[in-house]
Amino acid sequence: MYPFIENKSTDEVVFFTIPSFEQTNLVKHGFSSKIGGVSQGKYASLNLGFKTEDSNEKVENNYKKIAKALDISIENLVFSDQVHKDHIKIVTKKDCGKGIIKESDIKEIDALITNETNVALATVYADCVPIFLLDPVKKVIALAHAGWRGTVLKIGKKTVEKMINVYETNPKDCLAAIGPSIGKCCYEVDENVIKEFNKDFTNLNKFVFSKGNGKYMLDLWKANQITLKEIGLLERNISISNMCTMCHSEKFFSYRRDQGITGRMAAIIELK
C-alpha cells in the first residue's frame, strides 16, 4: 500500500494525491507521473522540465494537461528556480505565471510558501524529494525541493520554521508529505556524501546503510522525516509515498536511471 493515491484524468494524465491533504478540502494538489503528455523519445510523455532539451512548446502543453487534471489555472502557477540550496521565498498573486507565461525574477529558490488562494506553487523533480506542507489552521502551503544537498541543509525543517515565524504556524497542526523520489533501494552514494550528513545529523544509522568499500545506501525519505520531526511535526502527520522513481520506470522519470537525459515530474499545490 502506498500512502499516495494514483489518479487518472479524462485525457489519460496520471498523477498522485495525498489523502491527508484531500481530507482538509483546502487545497488542489498533485504529483505528476510521466504518463499522459505530448513529449516524445527520452521525454515521453508528460515532461514538465523547461530546463531539458525537450521543446518549450511541448512542455507548456504538458503543463496545460496537468493543470487541467488538477483543476488549476496555468496562469496561477509560480515556479521555483532549484539549485540544491536552502533559500525559501514567500510568493503572492503578483508572482503568478512566473516561469511559465512570463519572465521570472525568482532565482536560486528551492522552497516556496504562500497563504494566498489561487497561487499554485510548482517545483520539479527527477529523483529528488518533493516535500508538501500544509498548515490547515493558518491556511498556509509550501513546497520544498530536497535532493541530498537540500536534505543535508534541512530545507524541509527551515521551510516550516519560516511558516512559524511569518504565519505563526503551530508545527503540531502541520501536515507533510514526502513524495515519489529515489528510494533507499536504489540510492547509492559515496563517503563524501555521508560526511556531509555527519556534520548536522546525529542519527545516521536510521537512514544510512553501509555496503562496504566506501559505498552506502541512503534513505532520503527517513532523513527528511527526521528533520520535520525535529521542528515539531507529529510523525502521524507525515505521509511518505514509498514510491521510488528509479524502480518505477513505467510511472516516473529518473535522472540516475536514465543517465541524465530524462524528463521531469512536478509537485503542485494551491489553496482553494
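Here is a short conversation about packing and aromatic rings in this predicted model.

Visitor: Let's start with I178: is this residue buried or exposed?
Guide: I178 has its place in strand β10, which covers residues 175-178. Buried means under 20% relative accessible area. The value for I178 is 0%, so this residue counts as buried.

Visitor: Which residues does I178 touch, leaving out those up to four places away in sequence?
Guide: One part of the list is F4, V129 and P130. Another part is W221, N224, Q225 and L228. The list also includes I238, S239, I240 and S241.

Visitor: How many degrees of arc hold the buried residues of helix α5?
Guide: Helix α5 spans residues 191-198, and its buried residues are V193, I194 and F197. Seen down the helix axis, they line one face of α5, because they fall within an arc of 95 degrees.

Visitor: That fits a general rule of helices, I suppose. Which residues are exposed on the other side of α5?
Guide: An α-helix has 3.6 residues a turn, so residues three or four places apart point the same way. The buried residues of α5 pack against α3, β11, β12, β13 and α6. On the other side, the exposed residues are N192, K195 and N198.

Visitor: Turning to aromatic rings, is the pair of F16 and F252 stacked, edge-to-face or tilted?
Guide: The whole structure holds 10 aromatic pairs. In the pair of F16 and F252, the ring centres are 5.5 Å apart. Planes under 30 degrees apart count as stacked and those over 60 as edge-to-face. The planes of F16 and F252 stand at 35 degrees, so the pair is tilted.

Visitor: How many residues apart in sequence are the parts that this pair ties together?
Guide: F16 is buried at 2% relative accessible area, and F252 is buried at 0%. F16 lies in strand β2, whereas F252 lies in the loop between β14 and β15, so the pair ties together parts whose separation in residues is 236.

Visitor: And what is the geometry of the pair formed by Y63 and F79?
Guide: Y63 belongs to helix α2 and F79 to strand β4, 16 residues apart. Y63 counts as buried at 0% relative accessibility, and F79 also counts as buried, at 8%. Their ring centres are 5.1 Å apart and their planes at 90 degrees, so the pair is edge-to-face.

Visitor: One last thing: which residue lies over the face of F201?
Guide: A charge sits over a ring if NZ of Lys or CZ of Arg is within 6 Å of the ring centre and within 35 degrees of the ring normal. Here the distance from the ring centre of F201 is 4.6 Å, and the residue is K154.

Methods
Residues numbered from 1 in each chain as written. Predicted model: local features only at pLDDT ≥ 70, side-chain atom pairs only at ≥ 80, totals over all residues. Heavy atoms only, no water. Helix = DSSP H or I, 4+ residues; strand = E, 2+ residues; numbered from the N terminus. Buried < 20%, exposed > 50% of the residue type's maximum accessible area, 1.4 Å probe, protein only. Contact = heavy atoms within 4.5 Å. Arc of directions from axis to C-beta. Phe/Tyr/Trp six-rings, centres within 6.5 Å; stacked < 30°, edge-to-face > 60°.
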